[in-house]
Amino acid sequence: MTEHQNVYPVREDFAASAWADNEKYLAMYQQSVDDPEAFWAEQAKRLEWIKTPTRIKNTSFASNNVDIRWFEDGELNASVNCLDRHLEQRGDQTAIIWEGDDPSESKTLTYRELHARTCQMANALKELGVKKGDTVTLYMPMIPEAAMAMLACARIGAIHSVVFGGFSPDALAQRVVDSQSKVVITADESVRGGKQVPLKDNVDAALTREGTDVAETVLVVKRTGGEIDWHEGRDVWFHELVDKQDSECPAETMNAEDPLFILYTSGSTGAPKGLKHTTGGYLLHVAMTHQYVFDYTDGEVYWCSADVGWVTGHSYIVYGPLANGAITLMFEGVPSYPTNGRLGEVVDKHNVAILYTSPTAVRALMAHGDDVMASSTRDSLRLLGSVGEPINPQAWEWFYRVIGNSRCPIVDTWWQTETGGIMISPLPGAIDLKPGSATRPFFGVQPALVDNEGNQLEGAAEGNLVILDSWPGQARSIWKNHERYVQTYFSNYEGMYFTGDGCRRDEDGYYWITGRVDDVINVSGHRMGTAEIESSLVAHEAVAEAAVVGYPHDIKGQGIYIYVTLGDEYEYSDELKKELTQWVRKDIGPIATPDVIQWAPSLPKTRSGKIMRRILRKIAANEYEGLGDTSTLADPSVVDELIANRVNR
Ligand code: 6R9
């Protein structure tokens, strides 16, 4: 990525009125690392506790004893913090604005309404036999019922596991089995970009897979009224069960370290990992970052365009904003439907002040030219945010100039499913912006750069991004597999959390995330393990071997480039390429659709048989210079052959 010279100083209006100016940021940051106990004890007051915590931080990153506890003797309930405590002051204020896929459909829910519906839903779950500590899988459209379902679980102490609605039946089945969910909540269909997605059919298919009989009930929201199969004794209509319930439901008392949710994410090896997030620290982290990073002020309309199926939706559509009593906009559709002007039109329609979106969305709009924003003024915007992948300076500038009318600071927020909430980001009243840099750490976050041997690098440097000490929103474990958690995040560099990202720090101490350094690729902000796609491919009878790498893609950030070796008896053909593309889509989901398949009668391997992905990445990226040392290859001529046959894209 080319370095950009432009610096955008803090706007005076922000410095004057923001939650933190530079001086306050520096002072609070210093205290947060010098005396985390005092700092977080004080900050914890922003939540409503049933029992105020006295033990604040008890954490260890030592690889023989990874143990992370925050506020461990505190007791609270997340749904009470997101709903009940707002009723007195702002019960009639809008909590959720829902904007449908179809621009003529929208509605609002006040805190009072959201509270009542959540309670009804919690009572419905109880009637289905869901108890504290049970897990519930959500496979839902972007409708308010998704947020209610999460909060209803939280209310009764059940652990939700939201599975993105674009995942395949197999991917869903895998997650239902791993989390041992008793109940699956879904809808007949979801609607995105004018098209129906058969969620219920997918659930039906998923629940034929081995081990899924743990799911006793499927609760179905009627979203479209589309035709679905009905499994008597298993399927229950949401409206039939929920509408009749009492609209009060006492909240379970939860320990701060009781699990709030599991969320699956892809890693460099093996099956997706169910990251376990707990209640107190997570809620505090997301509430606090939502306020400081987005400089949220009461009454503003805030829009995070992510899907609730990802961590961004959990933390910054649901928990963070609702904990702060904010107005959160939930959008069912896509920015390109019915026209490419939709994003701006939604901003105008609902007077959105804060827009948090992804570099992919920005680049896709940018590709249509400045006129794409002509149908809206976006005068209500005050702040913009970016998340999910590195934002290239060019897209940053376009976001700033065209979407934000050269008026709104951009907070480029770096964080992960594992971190729970934002870790590195400017605070808009405190930190000068440099396009492409996530800038500086949030309170309590101690980033560092290490070389491959784990030596810490000082000053301006580039290396692997690690975090030196725990922060409250950190995932505590991998669901039922603590060993894998330790192995994945704490075994590379002793005593440090390894993020999997590469990063550069400049002379001003600004952090520039350069992308993943492991075998994870980031396609349109969606994380995917190359190993997952490879294992899907080799499950096809024609495929002998497959290697998957990412390559630079103008809009998606990274695209999926696949090298395939067929079994001897199979013919290399275009039809087979199409078939393999469909195979992966069906197996994992549309987000894993291959962009390029290259036939590779042989793959570059070391003498010990390891595929040299470094070389495959270079070929996919069209970079033949500096292929590096190929002398360790078993057969160096393989590389020339792959270059000669590379696919033009
Ligand atoms: C929140 C989220 C995490 C990975 C992360 C990194 C990339 C996220 C970024 C960013 C550069 C940013 N990433 N935000 N890279 N700048 N502002 O996206 O979580 O889906 O777990 O992905 O995304 O590579 O490691 P998740």
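**Exercise 1. Find out which residues the UniProt record lists together with Glu389 as "binding site", and place Glu389 in the fold.**

Step 1. The unreviewed UniProt entry gives Gly388, Glu389, Pro390, Asp412, Thr413, Trp414, Trp415, Gln416, Thr417, Asp501, Arg516 and Arg527 under "binding site". UniProt positions are in the numbering used here, feature names are shortened, and annotations may be inferred rather than shown by experiment. The model you're looking at is predicted: local features need pLDDT of at least 70, side-chain atom pairs count only at pLDDT 80 or more, and totals for chains, interfaces and linings use all residues. Residues are numbered from 1 along each chain as its sequence is written, and side-chain values use heavy atoms, with hydrogens and water left out.

Step 2. Now look for Glu389: you'll find it in the loop between β19 (383–386) and α14 (393–403). Helices (H or I, at least four residues) and strands (E, at least two) are DSSP runs, numbered from the N terminus.

Step 3. Check the burial. Glu389 has a relative accessible area of 8%, so it counts as buried. The scale is: buried under 20% relative accessible area, exposed over 50%, partly exposed in between (1.4 Å probe, protein chains only).

Step 4. List its partners. Skipping residues up to four places away in sequence, Glu389 touches Pro359, Thr360, Arg363, Asn522, Ser524, Gly525, Lys556 and Gly557. Contact here means heavy atoms within 4.5 Å.

**Exercise 2. Val538 and His540 share a second "binding site" listing in UniProt; work out whether each is buried or partly exposed.**

Step 1. This listing, also from the unreviewed entry, holds Val538, His540 and Val543.

Step 2. Val538 belongs to helix α16 (residues 530–538). Its relative accessible area is 41%, so Val538 is partly exposed. Beyond its neighbours within four places in sequence, Val538 is in contact with Val543, Ala544, Glu545 and Ala546.

Step 3. His540 sits in the loop between α16 and β29 (543–553). With a relative accessible area of 5%, His540 is buried. Its contacts, not counting residues up to four places away in sequence, are Leu576, Glu579, Leu580 and Trp583.

Step 4. Go back to α16 itself: its buried residues are Thr530, Glu532, Ile533, Glu534, Ser536 and Leu537. Among the elements that cover these residues are β27 (520–523), β28 (526–529), β29, β30 (557–566), α17 (574–587) and α18 (613–620).

**Exercise 3. Describe how α4 packs with α5, then do the same for α2 and α3.**

Step 1. Helix α4 (residues 78–90) and helix α5 (residues 111–127) pack at an angle of about 145 degrees, and their axes lie 9 Å apart. Axes are lines fitted to C-alpha atoms, for helices over the stretch in contact, and angles run from 0 to 180 degrees between N-to-C directions.

Step 2. On the α4 side, Cys82, Leu83, Asp84, His86, Leu87 and Arg90 meet Tyr111, Arg112, Leu114, His115 and Thr118 of α5. Sort the α4 and α5 contact by class and you get five nonpolar, three polar and three charged residues. Ala, Val, Leu, Ile, Met, Phe, Trp, Tyr, Cys and Pro count as nonpolar, Asp, Glu, Lys and Arg as charged, and the others, Gly among them, as polar.

Step 3. For helix α2 (residues 22–34) and helix α3 (residues 36–43), the axes come within 5 Å and cross at roughly 115 degrees. Met28, Gln31, Ser32, Val33 and Asp34 of α2 make the contact with Pro36, Ala38, Phe39 and Gln43 of α3. That contact of α2 with α3 divides into five nonpolar, three polar and one charged.

**Exercise 4. Inspect the loops: where is Thr439, and what are the backbone details at Pro338 and Gln180?**

Step 1. Thr439 lies in the loop between β20 (410–412) and β21 (447–450). Its relative accessible area is 0%, so Thr439 is buried. Leaving out residues up to four places away in sequence, Thr439 touches Ile424, Ser425, Pro426, Ile431, Asp432, Gly509, Tyr510 and Tyr511.

Step 2. Tyr337 and Pro338 are joined by a cis peptide bond, with omega about -5 degrees. Pro338 is in the loop between β17 (327–331) and α12 (342–350).

Step 3. Gln180 isn't a glycine, yet its phi is positive, about 55 degrees. You'll find Gln180 in the loop between α7 (169–179) and β8 (183–187). At 38% relative accessibility, Gln180 is partly exposed.
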